[in-house]
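Colleague: I'd like to learn how to read a structure like this. Could you walk me through it, one feature at a time?

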Amino acid sequence: MDATIGIPPAVTEETEVFWKAAKEGRLVVERCLVCGADTFPPRGMCRYCRARPMGVVEITGPGHVYSFTVNHQRWLPDLEVPYIIVLVEFEDHPGVRVVGRLRGRAPEDVVIGMGVDVGFEPGPGGYAIPSFTALDDGEGA
């Protein structure tokens, strides 16, 4: 599947740091400087305590599939179907869930809890889009 097909993301003041890091192949989330909670997507304020001072932390470890869907709808003329969209959680970042495409697996081989590594692929408008690949053993993170 070619991830460059689609609509480029709307980059805002809050999301700019995420897209810059993605271009470098890094997945970052916001961390509240008051309560320490991690948040994604970036909002510019903590979703737990509503504080505004936010920092950035990089996610470096593998995650696991929290949920997934197999899309058979061809939303755009050149879009290859089916494709798998996963919602991934990261053990060291409670409450953070990131959506992306799962590459390299057939839809019937995807299971809740399977371990995945984060990666990036070229997306619309020249942006790097988060995507995931299954860990070799397929076990949870």
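Modeller: Let's begin with charged side chains. This is a predicted model, and in it the side chains of glutamate 16 and lysine 20 meet in a salt bridge, 3.6 Å from N to O.

Colleague: Where do glutamate 16 and lysine 20 sit in helix 1?

Modeller: Helix 1 covers residues 16–23, and because these two are 4 residues apart in it, about one helical turn separates them.

Colleague: Is each of them buried or exposed?

Modeller: Look at the relative accessible area. Glutamate 16 has 38%, so it is partly exposed. Lysine 20 reaches 51%, and since exposed means over 50%, lysine 20 counts as exposed.

Colleague: How many salt bridges are there?

Modeller: The count comes to 6 salt bridges. One of them pairs arginine 26 with glutamate 58, with the closest N and O atoms 3.5 Å apart. That pair links distant parts of the chain: arginine 26 is in the loop between helix 1 and strand 1, while glutamate 58 is in strand 3, 32 residues apart. Arginine 26 counts as partly exposed at 30% relative accessibility, and glutamate 58 is partly exposed at 33%.

Colleague: What about aspartate 38 and arginine 31?

Modeller: They form a salt bridge too, and their closest N and O atoms are 2.6 Å apart. Compare the surroundings of the two ends: aspartate 38 is buried, with a relative accessible area of 4%, whereas arginine 31 is partly exposed at 31%. Salt bridges can also share partners, and in this way Glu24, Arg26 and Glu58 are joined into one network.

Colleague: Now the rings, please. How many aromatic pairs are there?

Modeller: There are 3 aromatic pairs. To read one, check the distance between the ring centres and then the angle between the planes. For phenylalanine 18 and tryptophan 19, the centres are 4.8 Å apart and the planes lie at 80°, so the pair is edge-to-face. An angle over 60 degrees is what earns that label.

Colleague: Are those two rings' residues buried or exposed?

Modeller: Phenylalanine 18 counts as buried at 4% relative accessibility, and tryptophan 19 counts as buried at 14%. Ring pairs also link Phe18, Trp19, Phe40 and Tyr127 into a cluster.

Colleague: Which ring has the charged end of arginine 97 over it?

Modeller: That's the ring of tyrosine 66. The charged end of arginine 97 sits 3.6 Å from the ring's centre.

Colleague: Let's try a residue without a charge or a ring. What does threonine 15 touch?

Modeller: Leaving out residues up to four places away in sequence, threonine 15 touches Ala10 and Pro42. Threonine 15 lies in the segment before helix 1, and it is buried, with a relative accessible area of 14%.

Colleague: And how do I read the whole chain?

Modeller: Start with the elements: the protein chain has 1 helix and 8 strands, which follow the pattern α-β-β-β-β-β-β-β-β along the sequence. Next comes the overall size. A compact globule of 141 residues would have a radius of gyration near 14 Å, and the chain's 15 Å agrees with that. The C-alpha trace spans about 45 × 35 × 25 Å along its principal axes.

Colleague: What share of the residues counts as buried?

Modeller: Of the 141 residues, 38% count as buried. For the outside, look at the accessible surface: about 7800 Å², with 51% belonging to carbon and sulfur atoms.

Technical notes. Residues are numbered from 1 along each chain as its sequence is written. This is a predicted model: local features need pLDDT of at least 70, side-chain atom pairs count only at pLDDT 80 or more; totals for chains, interfaces and linings use all residues. Side-chain values use heavy atoms; hydrogens and water are left out. A salt bridge is a side-chain nitrogen of Lys or Arg within 4 Å of a carboxyl oxygen of Asp or Glu. Buried means under 20% relative accessible area, exposed over 50%, partly exposed in between (1.4 Å probe, protein chains only). Rings of Phe, Tyr and Trp (its six-membered ring) pair if their centres lie within 6.5 Å; planes under 30 degrees apart count as stacked, over 60 as edge-to-face and the rest as tilted. A charge sits over a ring if NZ of Lys or CZ of Arg is within 6 Å of the ring centre and within 35 degrees of the ring normal. Contact means heavy atoms within 4.5 Å. The radius of gyration is taken over C-alpha atoms; the globule rule is 2.2 Å times the number of residues to the power 0.38. Accessible areas come from the Shrake-Rupley method with a 1.4 Å probe; for residues, only the protein chains shown count as cover.
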